[in-house]
Amino acid sequence: MNTHTMIRIALPLLLLTGCGLDPALEEGIENGDERQALAGGLTYDTTSLTAIPAGTIPATRLPLSAFGQTVIQQKLIQSAEAFQPGVSGGGRSEFESPSFTFSTDASRGMTLALNKMDPGPAADQSETTLQTRATDRLKMWGIGASEIGPVWQRRMLGTSEDNGVVGAPARLAYKTFVLRSILGVRVDGHRAVVTHGLDGSFRRVIAKWPALAASGHLLHTRLTTTQIKSKATTAMYEAGFTTGQIKLRWKYLATAGSNGEVTLKLMVGARTAALVSNEVTEEPFEVNVDVSAIK
């Protein structure tokens, strides 16, 4: 008898740039006193437009040097093995040891490291402990505590299919999602994901966390909430939206310099609500709103 077995994996989140929804925004539009309707049928939830703290980028932050071979090997992977260079090109370099492989690209602020060894036997794990290990690993690499925003601890589940029979979901790994924030504002697209095995061993890290330039950031705005809503209405109209519920939130957009360091600019994200029914599912859509950012 031929037996066909397939593993289906359910990732808790899709990663990095352009991939999936941000879990912080999946909550949708909330009811509240701050929701106000403007002409044209657009309704705004401004509860996330809290005051931006005064200040600038943190003094302790991931440096450009963190994407070098030695730092990644010793601080991020934390291995004393000898690494040999692999394929390189376009700013991306690869290195490999008997137990690990990693790639790094300082120009894009990205790195990926994998544990090639098989994990040990599964055992009960404290997810709180795994989350602490993950954030400590990133801090050891050079990420400052004041640039770490929301952290989510998730379980990666999967199912097996044998001759058309799908088994019950089973735990495959643990993932810690670390999102970047400056002054309490999310940096769009910047995050790191650390994976641990069922035995608690470090299995993988993938990060998009470019180094921040020392100056040139536009982190604040003098616009009032009313002025921001007016700008949001114009932006939504230009994007083809004239009705609906819109949630506004602060965000920083990053612009890369010639050496890979990025500068941040304050914007507002205007996000539509998800539409889910028996006949159609429409994902939320976010429009960037310029708020005349200043230093």
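Helix α1 passes helix α2 in a right-handed crossing. This is a predicted model, and that pair of helices is a good place to start.

Helix α1 covers residues 69-77. Helix α2 covers residues 127-141. Their axes come within 8 Å and cross at roughly 150°. Angles over 145 degrees count as roughly antiparallel, so α1 is roughly antiparallel to α2.

Which residues make the contact? From α1 come V71, I72, K75, L76 and I77. From α2 come R137, L138, M140 and W141. How do these residues divide by character? Seven are nonpolar, two are charged and none is polar. Lys and Arg count as charged, so K75 and R137 are the charged residues of this contact.

R137 leads on to an aromatic ring. On α2, R137 takes part in the contact with α1. R137 also lies over the face of F202. The distance to the ring centre is 3.9 Å.

Now turn to the aromatic rings. How many aromatic pairs does the structure hold? There are four. One aromatic cluster is formed by F83, F95 and F102.

Methods: Residues are numbered from 1 along each chain as its sequence is written. This is a predicted model: local features need pLDDT of at least 70, side-chain atom pairs count only at pLDDT 80 or more; totals for chains, interfaces and linings use all residues. Side-chain values use heavy atoms; hydrogens and water are left out. Rings of Phe, Tyr and Trp (its six-membered ring) pair if their centres lie within 6.5 Å; planes under 30 degrees apart count as stacked, over 60 as edge-to-face and the rest as tilted. A charge sits over a ring if NZ of Lys or CZ of Arg is within 6 Å of the ring centre and within 35 degrees of the ring normal. Axes are lines fitted to C-alpha atoms, for helices over the stretch in contact, and angles run from 0 to 180 degrees between N-to-C directions. Helices (H or I, at least four residues) and strands (E, at least two) are DSSP runs, numbered from the N terminus. Angles under 35 degrees count as roughly parallel, over 145 as roughly antiparallel, 65 to 115 as roughly perpendicular and the rest as oblique. A crossing is left-handed if the near helix is turned anticlockwise from the far one by less than a right angle, and right-handed if clockwise. Contact means heavy atoms within 4.5 Å.
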